[in-house]
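Please look through the model below together with its sequence. The text after it goes from the overall layout to individual contacts.

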Amino acid sequence: MKRIGEILKETCGLSEEALAEALEVQEQKGGRIGEILIQQEAISESDLLKALSIQFGLPLLSLLPTGDLDTAFAEKIPIQFLKKYKMVPVVTSNQAAIAVNDPLAFQPRDDLCLSLGWDGAQTVLAPYSAILSAINFAYDMSQASAEQVIQDMHEDGDSDLILSEIERTADLLDETSEAPIIRLVNLMLSQAVKARASDIHVEPYQDKLNIRYRVDGVLYDRLSPPKRIQSTLVSRIKIMAKLNIAEKRLPQDGRMEIKIAEKNVDIRVSTLPTAFGERVVLRLLDKSNVLLELSDLGMPQERLKTIDGLIRTPYGIILVTGPTGSGKTTTLYAALTTINNTDINIITIEDPIEYRIEGIGQIQVNPKIGLNFANGLRSIVRQDPDVILIGEIRDLETAEIAIQSALTGHLVFSTLHTNDSASSITRLIDMGIQPFLATSSVIAILAQRLVRVVCSSCRERYTPDEESLKSIGITPEMSAGRDIFRGRGCPKCLDTGYLGRAGIFELMILDDSLKSLILQTSDANAIKRKAMEQGMVSLRQDGAQKVLEGITTIEEVFRVTQQ
């Protein structure tokens, strides 16, 4: 058999000096010549795999077929075994094969074939990253899991469930604890991440315990563990979030960071005492999600240009409004990312900081030490900012400082919890802001909602009845020649018919005529009528346009825009 060093010299131009240096290290410390060359950065893993492929006569796959991967082996083989020996069973071209990173791991490979009953399976070489990705995919998908663990709990009358206080920064899929409660919590979390859930609700009732996931803004029942494990389940979550497990009478807030299939997930935990025990809500924030640009939010090109111009004005207040979970923070972060450069100083005060943005000073509100929005804002103004982001205007004090900042040459972004753009002015005046101050500082208000997007895998054309179209303002003339879709439901979208969400927007720019009206009346309906006369597109009209474009459904637009 030809030596690996000789093959590397031929295939990737390895120099004699680099090979001699690696051989010297091997003589002194031991180890494999290929691994030493990679450590010395003389070759890459790809170079080594090509050489090993030639040396052992094995096929080389740069990618492994995870799309149609048979995950049945995950029930038989411990995940640690595959990770330790860097191998995974795959099916390529309808042929069983063992993908390995090290062709010399003969014994573990034979043991794996024996366990699976894969006599004579082909051996293929693959990069470690591809093998690890396939392993994580298989064990994440094979959650026969939470439901099975719950079934075992129902059958097993023993309620002596062990709690573990081990700090966990490793991958949750590696967890092999036999304690059913630990397995259940880990599976619950990994299942939620796989389902793209934003929240997990653990809800105790008189004679049952219910676990629901919020996916694309809607709650779905997922699990019903036995009532007797309630306190143990809550205690396990509290231990992971470093909360006081003895305190069951007061609400508590904490956080934890977990890793699932190489994905880092930040989780905020909130507990609340109820009549039937502690209720727990976990908010999941996938740290691998990238920040969106304004162009990714789903706005029409014309409105995008208008907003791009507004966020570059030198001073004034731009408000983003909508209920909790309507994507206000995402929109504000997208705006900040768009204007963020070395020429301007951007400082934010948030509760909590959801995404870290390079080059921006971000302050976390901390009421325990007296750092609220108003106090933090006073300090921010002394930091010579050009742009200020206030997480939310909650009270008169914060509103007054925001307005003073806008009037003294700062651009201020913030959010309000109101139903539409016109109601925001009414809300500020209700807080105690004088109408002339509101009109002289606020330059634009963007109201928004999130609608679920029809699943592209199972969508179908249909002809809705006239009454349904009329409910969101679509006339027969508008829908003529247009395809309107709905989702049938498939495994990809968890049988909901929807996959992902898009924004619908209502942008109200305060021009002179609107300001004049606001000085006369704070009636939100009158303000909205005037704005629409001047060409403002309402939330429902924007939603109707997205129905005509085949993005969402009539029911979805009606659900999020009904007053």
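The paragraphs that follow cover the whole chain, then two sheets, then helix packing and two buried acidic residues.

This is a predicted model, in which local features need pLDDT of at least 70 and side-chain atom pairs count only at pLDDT 80 or more, while totals for chains, interfaces and linings use all residues. Residues are numbered from 1 along each chain as its sequence is written, and side-chain values use heavy atoms, with hydrogens and water left out.

The protein contains 22 helices and 18 strands; helices (H or I, at least four residues) and strands (E, at least two) are DSSP runs, numbered from the N terminus. Its C-alpha trace spans about 90 × 65 × 60 Å along the principal axes. Of the 563 residues, 48% count as buried, where buried means under 20% relative accessible area, exposed over 50% and partly exposed in between, with a 1.4 Å probe and protein chains only. Among contacts between residues at least 6 apart in sequence, 65% join residues at least 24 apart; a contact means heavy atoms within 4.5 Å.

One open sheet has six strands in the order 6-5-4-9-8-7, with antiparallel pairing; two strands pair if DSSP finds at least two bridges between them. Strand 6 and strand 7 (252–260) are at the edges with a single partner strand each, so one side of each has no neighbour in the sheet. On average, neighbouring strands of this sheet are turned by 25 degrees against each other, direction ignored. Axes here are lines fitted to C-alpha atoms, for helices over the stretch in contact, and angles run from 0 to 180 degrees between N-to-C directions.

At one edge of this sheet, strand 5 (residues 209–215) pairs with strand 6 (residues 218–223) in the antiparallel sense over five bridges. Arg 212 stands opposite Asp 221 in strand 6. The two strands, strand 5 and strand 6, form a hairpin with two residues between them, and Asp 216 in the turn has a positive phi of about 50 degrees. At the other edge, strand 7 and strand 8 are paired in the antiparallel sense over nine bridges, and Ile 260 has Lys 263 in strand 8 as its bridge partner.

Strand 8 (residues 263–274) also holds Asp 266. Is Asp 266 buried or exposed? Asp 266 is buried, because its relative accessible area is 9%. Its side chain is joined to that of Arg 255 by a polar contact of 2.5 Å. A polar contact is a pair of N or O atoms within 3.5 Å; within protein, one must be able to donate a hydrogen and the other to accept it, and residues adjacent in sequence count only if both atoms are side-chain atoms.

A second open sheet is formed by seven strands in the order 12-11-13-14-10-15-18, and its pairing is mixed. Its edge strands are strand 12 (361–364) and strand 18 (498–509), each pairing on one side only. Neighbouring strands in this sheet are turned by 20 degrees against each other on average, direction ignored. Within the sheet, strand 10 (residues 316–321) and strand 14 (residues 411–416) pair in the parallel sense over six bridges, with Leu 416 in strand 14 as the bridge partner of Thr 321. Helix 21 (residues 539–548) packs on the sheet and touches strand 15 and strand 18; its direction makes about 140 degrees with that of strand 18. Helix 12 (residues 328–339) lies across strands including strand 10 and strand 14, and runs at about 165 degrees to strand 14.

The edge strand 18 contains Glu 506. Glu 506 counts as buried because its relative accessibility is 0%. The Glu 506 side chain makes a polar contact of 2.6 Å with the side chain of Ser 421. Leaving aside neighbours within four places in sequence, the contacts of Glu 506 include Arg 303, Asp 420, Lys 528 and Leu 539.

Helix 20 packs against two other helices described here. Helix 19 (residues 512–520) and helix 20 (residues 524–533) make an angle of about 165 degrees, with their axes 10 Å apart. They are therefore roughly antiparallel: angles under 35 degrees count as roughly parallel, over 145 as roughly antiparallel, 65 to 115 as roughly perpendicular and the rest as oblique. In this packing, residues of helix 19 including Leu 514 and Leu 517 meet residues of helix 20 including Ile 527 and Ala 531. The axes of helix 15 (residues 421–431) and helix 20 come within 8 Å and cross at roughly 140 degrees, which makes helix 15 oblique to helix 20. Ala 422, Ser 423, Ile 425 and Thr 426 of helix 15 make the contact with Ala 524, Ile 527 and Lys 528 of helix 20.
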